[in-house]
Every structure is written in structure tokens, then in C-alpha cells.
Amino acid sequence: MLRTHTCGELDLKAVGKTVTLAGWLQRSRDLGGMTFIDLRDRYGITQLVFNMEQDAALCEAARKLGREFVLQVSGQVTERENKNPKMATGDVEIIVREFKVLNSAITPPFTIEDHTDGGDDLRMKYRYLDIRRNPVKEALLLRARVAAETRNYLNRQGFVEVETPVLIKSTPEGARDFVVPSRMNQGEFYALPQSPQTFKQLLMVAGMDKYYQIVKCFRDEDLRADRQPEFTQIDCEMSFIEREDILSTFEGMARYLFQSVKGVDIGTLPRMTYAEAMERYGNDKPDTRFGMELKDLNKLVKGKNFKVFDEAGLVVAIAVPGCAEYTRKQLDELTDWVKRPQIGMSGLVYAKYATDGTIKSSVDKFYSADDLKQWAVATDAQPGDLILVLAGAEPKTRKAMSELRLEMGERLGLCDRNTFRCLWVVDFPLLEWGEESNRWHAMHHPFTAPIPEDIGLLQIDPGKVRANAYDMVINGVEVGGGSIRIFDKQLQSRMFEVLGFSKDEAQHQFGFLLNAFEYGAPPHGGIAFGFDRLCSLFGGADSIRDYIAFPKNNAGRDVMIDSPSTISEEQLKELGIAIRA
Ligand code: ASP
């Protein structure tokens, strides 16, 4: 080894020892008689001291070293006079006897500090320098720990890690595939897996019983905020189980990860049906760190000559705690907020429930004090609260209110990153109607089983059929989702029929799975967790980017390696591909 110790481990116990360290020059300070250098490696920073009096030549040489030079230094560990309690090695410093420049470095394009002067684009272009910075390095270390603990838990539960191929064909998650042309089979293409869904089901047919994989998935979607075209899942599947078994196994995994990584006990996860989540929060991934639940005012507000409410499919309200004193300006700003195209409402009605018990609203012309009191009762508003009301068509209005609720939660500081509220959302609809495609789509994927008592509805009222599916939701984020699968051929055929697949299409796309099901498929089910998202949640970050070593930007580009990029004429020819001008 080129070193005896790392830059993060020396303390008072080592005083007097001669050590050799290696690392990068973080910064140097020249104080006339003395020069100090901070030497950094993955493990920390150690202060080096060069003394003019003791060795002028060495000190002069040290002064010439630039930022990010790679050094090997030897010297004696001594106790510092000015200790730095913020640093793990802050009690000691190294009086350097000799050093070697292992490599020089040009000046980095941004400072390698916790708070850097580098913007996002620059950091991404020089990601290898960005990773030298503490916050990004820590994020990657956290990610590695979460992965290790995940494996610990699942291995102990008897799961086997099986790798599945990356060059496959279309998967059922419903996004667009990334495709790879085949040289040996010209005109034909592989698709990259949107998930290992079909393979994990085949592994159940193969008798593997309990499978998992921490695996890359690829979806060629327009990149909405904080999505990556390739991302990682903890993908799992189990045989001979019922929904309860999956929920308890993976609730156990979440509890174990929170305990081992964060030291947090998340307790028992409550369950909420999709219908209840939509009614109470307007959202199938409710953030339950705070209340402000949605209350339907339809029954209270109709027939008072207020056209907007009379004509609305839904009049829905929340009581925002302690905001009765909002000024005209604040309320106008909130009104503008709900009118933004992303929210799309035409206006906002409010009622201020003052601490003296009186209520004043923006629709006093139509609603008496008694009417407004009823609103307060319906929304559980307390004196001092502000009642906000939206009206319009379902489901748009419910969704808008959900957004407004989240916005108010954020503004009021109710979304504490160190509070974790986890729950299961269950009983999703099996199908959703595609307005544009004019047909039913699987809300999860076409292998998801209906809840047994709803199977009869499949032919009569498909929209009413509930899926035997579940999502784990933490702080308003869907961290995992899965389902009990269809393992009966006839039911699977019926499902494909409802989804508008002809027999041939189903056979063409998923024939391999349907054929496998002819050979005795066990009852099975599974789940997949968004691993990047889980890591960012543990790290208390909004973005998943820093938890991925080499992420892509919002245009799906890796700006560091400059990909995607064109390929040579020769390569194209080999693949039998022509690019249209
Ligand atoms: N394959 C599913 C997904 O990626 C998860 C599952 O059903 O297990 O969402």
C-alpha cells in the first residue's frame, strides 16, 4: 500500500507515530513561517504542517502544490494546539518529513467543497470531480449501505439473487422501450427491460420460490422532474403466498432498512384503500405527515345561487391551520397559484375563520354566517384556520386540491424530512380507461390479478374491478409497488381480451410467459421498490440524482461521456440501419 493510514482515522491515540498518507490536496494556507495543507481521501481530511524553521526547502516545495494534486506524505502525528472539534481528525496534525507528488492536477472547474460554486451542468460534466465532494460521496456511500442491508435482509429471509438479461423484448410496464438493433439478426431489435417482470414470473414457474435482484430498469419516457431513463429497482417475487405474506415480508424489509440505516422505528404500516386515499387526500400516494384532509362540500353548498358551485361536479375544501390572517395579497397569490396551467383551476374561494369565531368568506353574498359555520364543521377547521375551496369537474378538481394541500403543507413547514410516515395503499382499480386510445389499460400491468370477489365484474363493469395490488408510500412518495399475479391461463386470456389484445398479439408479445404458464405456474406475487428514490429519502434529499453515480440530465443526456451520440457509417451498415436525413 502507498499509505499506512487513511486521511480519516488518525486521532490522539496515534500521537508520536510516523505515518504515511496519500490523497488530494484540498486546500493550503500559507502563514509565513508555516504552511498548512488539508489532505483529503474518501475517509476524511487530515491537516499537514510544513515548518519554515524546521525544513525551509520542504516548506517552499509544499507552497508550490496546487489544489487537487495527488500527494503521498510521511511524517509524525502530533497533538494540535488549535483543535477542530468539527473534524474527526481535528485533534491531530502531521508534521511532514517528506512528500512525493504522485500526480499534478489542473485547476478544477469548480471548488471541491460541500457548497460548491459549480452549477448543475458543470458538476455533471465533471461528475468524477463532483463525487470528490462530501455530499455526493456521502450519498453514494449511503446507497451502498442501503444495498448491503437490503441484501442482508432478503438473504436472511431465504431470497435468492438471480440476474436476468438486459437484452430482451418488450416488457409490460406500459412505457416506451429503449431498443437495441441486432447485428446478427438484421432488422430485428432487442428491447431493454422496463423491469424484469416477466423473468421473475418465469423464475417462479421455474421453482425458485423467492427471488430478488437489485437491478437496472430502462424506460424511454419524457423526463418529468427527477426521473431517470435508467434507474434501479429492488425487484422481488415470491411463490405460494397471499397478499398478506408479501405485505408483511416487505413491511419487514422497510422496517429493517429504516432501523439499520437511519435508526428510525417506522412501526406498523397502516393500510388505506385507493378509494379512501383519493377521498381523503385526492392522491393515491398521500403524504400523511400532516392532516388538512380534503372534505367534500357538495351537499352543503348547492342551491344558494352561486353558479360556480351549483355547476361544479365537485366542491372540495381543506382547512389550513393558523392561516386565517392571510392578507389580500397572499390570497391573490394563492389564487394565481391554482390558476397556473399545471393546476388549471379557474379560481379559489376562501373563508377566514377568525380566532374570535367569526367567519368571513370571498362568497359572503351567497353564504350566510351559519352556512360558513357548517363549512368549518365539515372541514374540521379551528378558529384561526383558513378554509380553501376549489370547485370544478371531478377528478381534475380533486387532483388540484391535492396539489394545493401539498403546497400548503410545504409552505407551513409540515413536510419535515426527518419524519417518516409510511403506509400501504391497497385495492387499486385494475383498469383505467384511456380517453385517447379509447380502451382499457392495466393500471399496474396485465399480469396483475383482480381481487377474487371482483372477477365476475370483469365482463360487466371493468372499471369497478379492484386489483390485488399494493403500493408502499412514504411521505407522499410511492417507493414500491406490486401485485398478486394471475397464474390461471383462462383468467389471463380474459384479461388480455379486456385490454383489447387479440389472441395473436398476446401470443406475439407474451407468448413465452403464457406458454410457461401451461407447465404448472405456482400462485405468486411480488413487488419492486424504487431503489434510487428510497436512497434519496433516507438521505433527506428531494432529488434522486446525487444518489446515482453517473446520472443523466433532463434531456436524457450523459453530458460527461456525451451520450447519446452518433455512430459511424460502418457501424450503421453492419447493423443494416439507414438514418433518414
Ligand atoms: N414490475 C413492477 C414495476 O416495475 C413491479 C411489480 O409488479 O413487481 O412496477
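In this predicted model, an oxygen atom of the ligand sits 2.9 Å from an N or O atom in the side chain of glutamine 233. Histidine 444 does something similar, with a side-chain N or O atom 2.8 Å from an oxygen atom of the ligand. Arginine 219 joins in as well, placing a polar side-chain atom 3.0 Å from a ligand oxygen. On its own the ligand would expose 270 Å², and the protein buries 92% of that.

The shell around the ligand draws on several parts of the chain. Helix H5 (197-205), strand S21 (477-484) and strand S22 (524-530) are the elements that give two or more residues to this shell. The largest share comes from S22, with 3 residues. There are 14 residues around the ligand, and the ones that come nearest are Glu173, Gln197, Lys200, His444 and Arg485. Sorted by class, the shell holds 8 polar residues, 4 charged ones and 2 nonpolar ones.

Stepping back from the ligand, the protein has 581 residues, and 47% of them count as buried. The chain is built from 17 helices and 22 strands. Measuring tape aside, the C-alpha trace spans about 90 × 75 × 55 Å along its principal axes. The accessible surface of the protein comes to about 29,000 Å², and carbon and sulfur atoms make up 50% of it. As for how the chain meets itself, take the contacts with a separation of 6 or more: residues 24 or more positions apart account for 66% of these.

Aromatic rings offer another way into the fold. The count comes to 21 aromatic pairs. One of them is formed by phenylalanine 447 and phenylalanine 510, an edge-to-face pair with 5.2 Å from centre to centre and 80° between the planes. This pair links distant parts of the chain, 63 residues apart: phenylalanine 447 belongs to the loop between strand S19 (439-442) and helix H13 (457-460), while phenylalanine 510 belongs to helix H15 (residues 503-517). Both phenylalanine 447 and phenylalanine 510 are buried. Elsewhere, ring pairs tie Phe306, Phe309, Phe366, Tyr367 and Trp375 into a cluster.

Glutamine 26 is worth a look too. This residue lies in strand S1 (residues 18-30). With a relative accessible area of 5%, glutamine 26 falls below the 20% cut-off, so it counts as buried. Its side chain has polar company all the same: a polar contact of 2.5 Å joins the side chains of glutamine 26 and arginine 40, and another, at 3.5 Å, runs from the side chain of glutamine 26 to that of glutamate 113. Leaving out residues up to four places away in sequence, glutamine 26 touches Asp38, Arg40, Ile45, Arg67, Glu68, Ile112 and Glu113.

One of those neighbours, glutamate 68, has a backbone quirk of its own. Glutamate 68 is not a glycine, yet its phi is positive, at about 70°. The residue lies in the loop between helix H1 (56-63) and strand S4 (70-79). Despite being in a loop, glutamate 68 counts as buried, because its relative accessibility is 3%. Aspartate 427 makes a companion case: its phi is near 60°, again a positive value in a residue other than glycine. Aspartate 427 is found in the loop between strand S17 (422-426) and strand S18 (431-434). Its relative accessibility is 13%, so aspartate 427 counts as buried.

The backbone also holds cis peptide bonds. One joins glutamate 394 and proline 395, with omega at about -5°. Proline 395 lies in the loop between strand S16 (386-392) and helix H12 (396-411). Another cis bond runs from serine 563 to proline 564, with omega near 5°. Proline 564 is in the loop between helix H16 (531-539) and helix H17 (569-575).

Conventions
Residues are numbered from 1 along each chain as its sequence is written. Side-chain values use heavy atoms; hydrogens and water are left out. A residue is near a molecule or strand if one of its heavy atoms lies within 4 Å of it. A polar contact is a pair of N or O atoms within 3.5 Å; within protein, one must be able to donate a hydrogen and the other to accept it, and residues adjacent in sequence count only if both atoms are side-chain atoms. Accessible areas come from the Shrake-Rupley method with a 1.4 Å probe; for residues, only the protein chains shown count as cover. Helices (H or I, at least four residues) and strands (E, at least two) are DSSP runs, numbered from the N terminus. Ala, Val, Leu, Ile, Met, Phe, Trp, Tyr, Cys and Pro count as nonpolar, Asp, Glu, Lys and Arg as charged, and the others, Gly among them, as polar. Rings of Phe, Tyr and Trp (its six-membered ring) pair if their centres lie within 6.5 Å; planes under 30 degrees apart count as stacked, over 60 as edge-to-face and the rest as tilted. Buried means under 20% relative accessible area, exposed over 50%, partly exposed in between (1.4 Å probe, protein chains only). Contact means heavy atoms within 4.5 Å.
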